Amino acid sequence: MTPTAPAPSIVERLAAPHRGPVPFSVEFFPPRDAEAESRLWRAVRIFERLSPAFVSMTYGAGGSTRDRTVRITGELAAQTTLLPVAHLTAVNHSVAELRALVGAYADQGITNILALRGDPPGDPLGEWVAHPDGVEYAEQLVRLIDTLGDFHVGVASFPETHHRSPDIDHDTRTLVDKLRAGAEYSITQMFFDVEHYLRLRDRVAAADPEQGLKPIIPGIMPVTSLATARRMVELSGSVIPPDVEERFAKAAGNGAEEDRASVRAVGIDFATEMAQRLVAEGAPCLHFCSLNFAKATTEVLGRLGVDVDAALHVPA
Ligand SMILES: Cc1cc2nc3c(=O)[nH]c(=O)nc-3n(C[C@H](O)[C@H](O)[C@H](O)COP(=O)(O)OP(=O)(O)OC[C@H]3O[C@@H](n4cnc5c(N)ncnc54)[C@H](O)[C@@H]3O)c2cc1C
């Protein structure tokens, strides 16, 4: 039997040829039920035709959603041409369990892992309590994964600073420490003001020029529902800037239900404007929070000059 070649790293993928003006990547989350899983797979097949640099699968707070993350990430590796990145959090895990999870990924050929601390289950903004035999910070998880084999690790970064960071310098130091610990790149929390991303990049470069060379991949969400965007932003401890909120609120209208078509139109325009600016500023990749749908992201990619027509016509 021919041995399988090891999966490329994300940094290698970002340097490889790509469609459009810049590589892109897509974030999925573990679907709740069979219907949602079918929807995810429809999106996966569309994205597959567009050759993203990688796709990532978030890691939930509870048992069954965690199992689904591991299973579906394995299926993405085995049954598609996509390069999956498995998110892994320290929440409620002992070091022994974290080791076993990383081993389970390695058994499926998954060597790209996004190392995260995670948020407290139930209330993401509530008190963080480390597992008595676990790790406290993502930096420790990066170091742990590094001891377990030939993995390529990424971490989270926060253009608006992380909501638990006491100040901006502490926040920058946290990211630099994770990169010095061996993380090869970071993916940002989704944001709505490109200036915040640019300032984060400048801060990291000023704090440590060597680590500043590592890719900081901006997270973008093409908003199709203002209510969903508000909820996600709130749960992540960040904010929608007032001018952006105003633009979306105007589109949503004053009715009992938001005007989804108008919000969607503004969402696609806004995500495209952000993406164009990020490309002009040299972002290494655009990471789309897809919410397991392909259409809005594909529309943005189309506006950026990617030929998306063939991808959208997937046989049922
Ligand atoms: C791209 C991306 C993907 C994500 N995916 C998931 C997911 O799949 N599942 C999920 O549950 N959550 C996910 N999250 C959310 C993330 O887990 C939370 O934002 C979490 O609160 C922070 O995680 P972290 O890895 O940045 O933590 P850390 O880097 O550990 O930082 C957490 C806080 O602790 C502080 N800190 C770090 N080190 C130290 C230290 N040595 N001493 C004192 N303070 C310190 C930091 O400044 C920060 O305020 C994701 C976030 C992003 C941006």
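**Figure 1. Shell of residues around the ligand in the predicted model.** The shell comprises 8 nonpolar, 11 polar and 6 charged residues; Ala, Val, Leu, Ile, Met, Phe, Trp, Tyr, Cys and Pro count as nonpolar, Asp, Glu, Lys and Arg as charged, and the others, Gly among them, as polar. This is a predicted model, in which local features need pLDDT of at least 70 and side-chain atom pairs count only at pLDDT 80 or more, while totals for chains, interfaces and linings use all residues. Residues are numbered from 1 along each chain as its sequence is written. The ligand is surrounded by 25 residues, each with its C-beta atom, placed from the backbone, within 6 Å of the ligand. The closest are Thr58, His87, Arg117, Ala138 and Ala156. Helix 6 supplies the largest share, 4 residues (helices are DSSP runs of H or I with at least four residues, strands runs of E with at least two, numbered from the N terminus).

**Figure 2. Helix 6 and its packing partners.** Helix 6 (residues 168-180) has 13 residues and reaches 18 Å from its first C-alpha to its last, close to the 18 Å expected at 1.5 Å a residue, the expected span being 1.5 Å times one less than the number of residues. Its buried residues are Asp171, Thr172, Thr174, Leu175, Val176, Lys178 and Leu179 (buried: 20 or more other C-beta atoms within 10 Å of the residue's own, with C-beta atoms placed from the backbone). These buried residues pack against helix 5 (138-147), strand 5 (152-157), strand 6 (185-190) and helix 7 (194-207), where contact requires C-beta atoms, placed from the backbone, within 7 Å. Glycine 182, with a positive phi near 130 degrees, follows helix 6.

**Figure 3. Surroundings of isoleucine 145.** Beyond its neighbours within four places in sequence, isoleucine 145 is in contact with Val102, Ile113, Ala115, Phe151 and Val153.

Key: Contact = placed C-beta atoms within 7 Å. Buried ≥ 20, exposed ≤ 12 C-beta atoms within 10 Å, placed from the backbone.
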